Amino acid sequence: IGRAARAGVLVKGGVHLETAGRVSAILFDKTGTLTAGKPTVGEVLAAEGIEPAAVLARAASVEAHSSHPLARAVLAAAREAGLTPSPADEMTATAGLGVRGLASGRQIEVGSAQLAGTVTMSASLRAGLSLIKERGATPLVVVEDGRAVGVIGVTDQPRPGARDILDRLRGLGIREIGLVSGDHELAVRSLADAVGVADCWTNLAPDDKPRVVRSIQS
């Protein structure tokens, strides 16, 4: 326990180390765990009559209040484009769905692909959303006053050495390794194939992840 503490790992007692020694299954989250946690914006699609830069600025206005890695990617892209987003207030966040705020008198939402099913979206923008998903990227839907105005495609790379670490865990007797994520199936499966994980649970809300753990425990 003393040696673990020097390495920055705090253990409450020997019984917990013994419990860890009996672990036979491990589930990993995706973003920042099996990925490098440094996502970048690859593309910005805009609805007719709206510039991509305006879509990015709208998204950045509400993402400025979020600590999620995908939010940081949006803010970095806005800075690189020289944009100055309008400040947003009346911020609310829905775990697993996205963030919402009031900017320049308009209600702006930025969220996962699931948000597309709850708002008005043009056929061309919906087709672009599907293409982003097919490429294994993570789409962020940008909504203004109930209408989708754009989709931002964000990508993250597998964490270096992730496959080797998972192989070491299997060598220690871990029989089942899985990946749980709120992201869509194609993005999760792309990462799973890259790091050598067979079992995936996708499109999960945060409350769904503990239920997956409990189902395996039972």
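Helices (H or I, at least four residues) and strands (E, at least two) are taken here as DSSP runs and numbered from the N terminus. I keep that in mind for every element named below, and I note at the outset that the model is a predicted one.

**Entry 1, the whole chain**

I looked up the overall make-up and found nine helices and nine strands in the protein chain. The C-alpha trace spans about 60 × 35 × 30 Å along its principal axes. Of the 218 residues, 35% count as buried, and the chain exposes about 12,000 Å², of which carbon and sulfur atoms supply 51%. I then turned to the contacts with a separation of 6 or more, and 61% of these are accounted for by residues 24 or more positions apart. For the charges, I found 24 positive and 23 negative side chains, with the centres of the two sets lying 8 Å apart.

**Entry 2, the loop after strand 6**

I went next to Asp145, whose place is in the loop between strand 6 and strand 7, the latter being residues 147–155. Asp145 is not a glycine, yet its phi is positive, at about 50 degrees. I noted this because most residues other than glycine have a negative phi. Is Asp145 buried or exposed? Its relative accessibility is 45%, and since the partly exposed class lies between 20% and 50%, Asp145 counts as partly exposed.

I also checked Glu144, which is found in strand 6, residues 138–144. Glu144 has a relative accessible area of 11% and is therefore buried, the cut-off for that class being under 20%. Leaving out residues up to four places away in sequence, I listed what Glu144 touches, and the list holds Arg58, Arg106, Gln107, Ile108 and Val149.

**Entry 3, a second positive phi**

Glu90 is a residue other than glycine with a positive phi, in this case near 50 degrees. I located Glu90 in strand 3, which covers residues 88–94. At 58% relative accessibility it counts as exposed, because that class begins over 50%.

**Entry 4, the loop between strand 5 and helix 6**

I looked up two residues in this loop, Ser112 and Thr118, and recorded that strand 5 covers 106–111 and helix 6 covers 123–134. Ser112 is buried, with a relative accessible area of 17%, whereas Thr118 is exposed, at 60%.

How far apart in space are Ser112 and Val142, which are 30 residues apart in sequence? From C-alpha to C-alpha I read 9.1 Å. For Thr118 I took Asp164 as the partner, 46 residues apart along the chain, and there the C-alpha atoms are separated by 41 Å.

**Entry 5, helix 7 and helix 8**

Two packed helices are described by the angle between their axes and the distance between the axes, so I looked up both quantities for this pair. Helix 7, residues 162–171, and helix 8, residues 185–195, pack at an angle of about 70 degrees, and their axes are 8 Å apart. Because angles from 65 to 115 degrees count as roughly perpendicular, helix 7 and helix 8 are roughly perpendicular to each other. Which residues meet where these helices pack? On the helix 7 side I noted Ala162, Arg163 and Leu166, and on the helix 8 side Asp193, Ala194 and Val195.

Terms used: Residues numbered from 1 in each chain as written. Predicted model: local features only at pLDDT ≥ 70, side-chain atom pairs only at ≥ 80, totals over all residues. Heavy atoms only, no water. Buried < 20%, exposed > 50% of the residue type's maximum accessible area, 1.4 Å probe, protein only. Contact = heavy atoms within 4.5 Å. Areas by Shrake-Rupley, 256 points an atom, 1.4 Å probe, with all protein chains shown as cover. Lys, Arg positive; Asp, Glu negative; His and termini not counted. Charge placed at Lys NZ, Arg CZ, Asp CG, Glu CD. Axes fitted to C-alpha atoms, helices over the stretch in contact; angles between N-to-C directions. Parallel < 35°, antiparallel > 145°, perpendicular 65-115°, else oblique.
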